Amino acid sequence: MKAERVTEILLALGSKIEEEKDFLTELDNVIGDGDHGINMARGFKAVEEKLGTLQTSDIGNLLKTTGMTLVSTVGGASGPLYGTAFMKAGMLMNGKEEMNLDDFLSCLDAAVEGVKTRGKSVQGEKTMLDAMIPALDAMKQAREEGLSAPDVLQKGVDAARTGVEYTKTIIATKGRASYLGERSIGHQDPGATSFTDMLETVCACITP
Ligand code: ADP
Ligand code: MG
């Protein structure tokens, strides 16, 4: 796909986050400070404005702009983390005018590494990584098995959803939810949920 399509998908992520804003905020209300949906919706609104004025065929430029905008507008832990994720993906796509499934998987790989480094976090700490990493692993495997792009994405979505369910069973050790200790058990992580929402959107956008 070309930059135009990537822009459409980035805008679709914003619409999805806007739709899920109240639910994400509700989740964050239980184990955090109740701003995740509000933070993310504010960030993607700013992304929409930025992309509206950005005329470029460089997909790296689009992703980097998205990341920088999220860092500067989201606030909260998720701003720098998602911001880094998109910026890392953008660096990988620097100067590229076409993006295929392998590029997408490489981007997600870079995004996961970016979140881990920036968040000093690993899988199993009840964060967005608990959706991102299983989704990436499932998609890499599906890719190796030769599945089509929509099917690969669907495998990723399924794994991300399972990851969200898994976050209900574990204690948060990173971010605000870690202040709750054992009381964080039983509640799903807002960041893992927002990541899953975004991957679902990408999947829906590329599925004919
Ligand atoms: P804040 O916690 O500052 O209010 P948000 O509510 O917007 O920020 O985002 C919270 C989400 O950020 C969590 O649900 C979790 O998924 C993610 N998160 C927080 N800290 C980390 C971290 N160190 N590594 C990865 N993800 C994290
Ligand atoms: Mg919060």
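**Ligand, metal and cysteines in a predicted model**

Mentor: The structure holds zero disulfides. Cys107 is in no disulfide, and the nearest cysteine sulfur, that of Cys205, is 16 Å away. Please keep in mind that this is a predicted model.

Trainee: What makes the sulfur of Cys203 too far from that of Cys205 for a bond?

Mentor: A disulfide requires two cysteine sulfur atoms within 2.5 Å. The sulfur of Cys203 has its closest cysteine sulfur in Cys205, at 9.3 Å, and therefore the pair is too far apart for a bond.

Trainee: Why is Cys107 called buried?

Mentor: The term applies under 20% relative accessible area. Cys107 has 5%, so Cys107 is buried. Cys203, also at 5% relative accessibility, counts as buried because that value meets the cut-off.

Trainee: Let us turn to the metal. How do you know which residues are the protein donors of the magnesium ion (ligand 2)?

Mentor: A donor is an N, O or S atom within 2.8 Å of this metal. The OD atoms of Asp28, Asp33 and Asp35 lie 2.0 to 2.2 Å from the magnesium ion, so these residues are its protein donors. Water is not among the atoms, so the site may look incomplete. In sequence, the donor residues are spaced D-x4-D-x1-D.

Trainee: Why are Asp28 and Asp35 given separate accessibility classes, one buried and one partly exposed?

Mentor: The boundary at 20% falls between their values. Asp28, at 9% relative accessibility, counts as buried because 9% is under 20%. Asp35, at 21%, counts as partly exposed because that value is neither under 20% nor over 50%.

Trainee: Asp33 appears again at ligand 1. What makes its approach there a polar contact?

Mentor: The pair must consist of N or O atoms within 3.5 Å. An oxygen atom of ligand 1 is 2.9 Å from an N or O atom in the side chain of Asp33, so the pair qualifies. A polar side-chain atom of Ser78 also qualifies, because it lies 2.5 Å from an oxygen atom of ligand 1. For Ser121, an N or O atom of the side chain is 2.7 Å from a nitrogen atom of ligand 1, and the conclusion is therefore that this is a polar contact as well.

Trainee: How much of ligand 1 does the protein cover?

Mentor: The protein covers 93% of the 560 Å² of accessible area that ligand 1 has on its own. Ligand 1 is surrounded by 21 residues, the closest being Asp33, Ala77, Ser78, Ser121 and Asp189. By class, the shell has six nonpolar, nine polar and six charged residues. Its largest share, three residues, comes from H8.

Trainee: Two lysines remain. What makes the phi values of Lys120 and Lys126 worth a remark?

Mentor: Phi of Lys120 is near 45 degrees, a positive value in a residue other than glycine. Lys126 is not a glycine either, yet has a positive phi of about 65 degrees. Lys120 is found in the loop between H5 and helix H6 (129-144), and Lys126 is in the loop between H5 and H6.

Trainee: Which of the two is exposed and which is buried?

Mentor: Lys120 has a relative accessible area of 67%, which is over 50%, so Lys120 is exposed. Lys126 has 1%, which is under 20%, so Lys126 is buried.

Trainee: Why is Ser57 placed in neither of those classes?

Mentor: Ser57 has a relative accessible area of 37%, between the cut-offs of 20% and 50%, and is therefore partly exposed. Ser57 lies in the loop between H2 and helix H3 (59-73).

Conventions:
Residues are numbered from 1 along each chain as its sequence is written. Chains are lettered from A and ligands numbered from 1 in the order in which they are written. This is a predicted model: local features need pLDDT of at least 70, side-chain atom pairs count only at pLDDT 80 or more; totals for chains, interfaces and linings use all residues. Side-chain values use heavy atoms; hydrogens and water are left out. A residue is near a molecule or strand if one of its heavy atoms lies within 4 Å of it. A polar contact is a pair of N or O atoms within 3.5 Å; within protein, one must be able to donate a hydrogen and the other to accept it, and residues adjacent in sequence count only if both atoms are side-chain atoms. Accessible areas come from the Shrake-Rupley method with a 1.4 Å probe; for residues, only the protein chains shown count as cover. Helices (H or I, at least four residues) and strands (E, at least two) are DSSP runs, numbered from the N terminus. Ala, Val, Leu, Ile, Met, Phe, Trp, Tyr, Cys and Pro count as nonpolar, Asp, Glu, Lys and Arg as charged, and the others, Gly among them, as polar. Donors are N, O and S atoms within 2.8 Å of the metal (3.2 Å for Na, K and Ca); water is not among the atoms, so sites may look incomplete. Buried means under 20% relative accessible area, exposed over 50%, partly exposed in between (1.4 Å probe, protein chains only).
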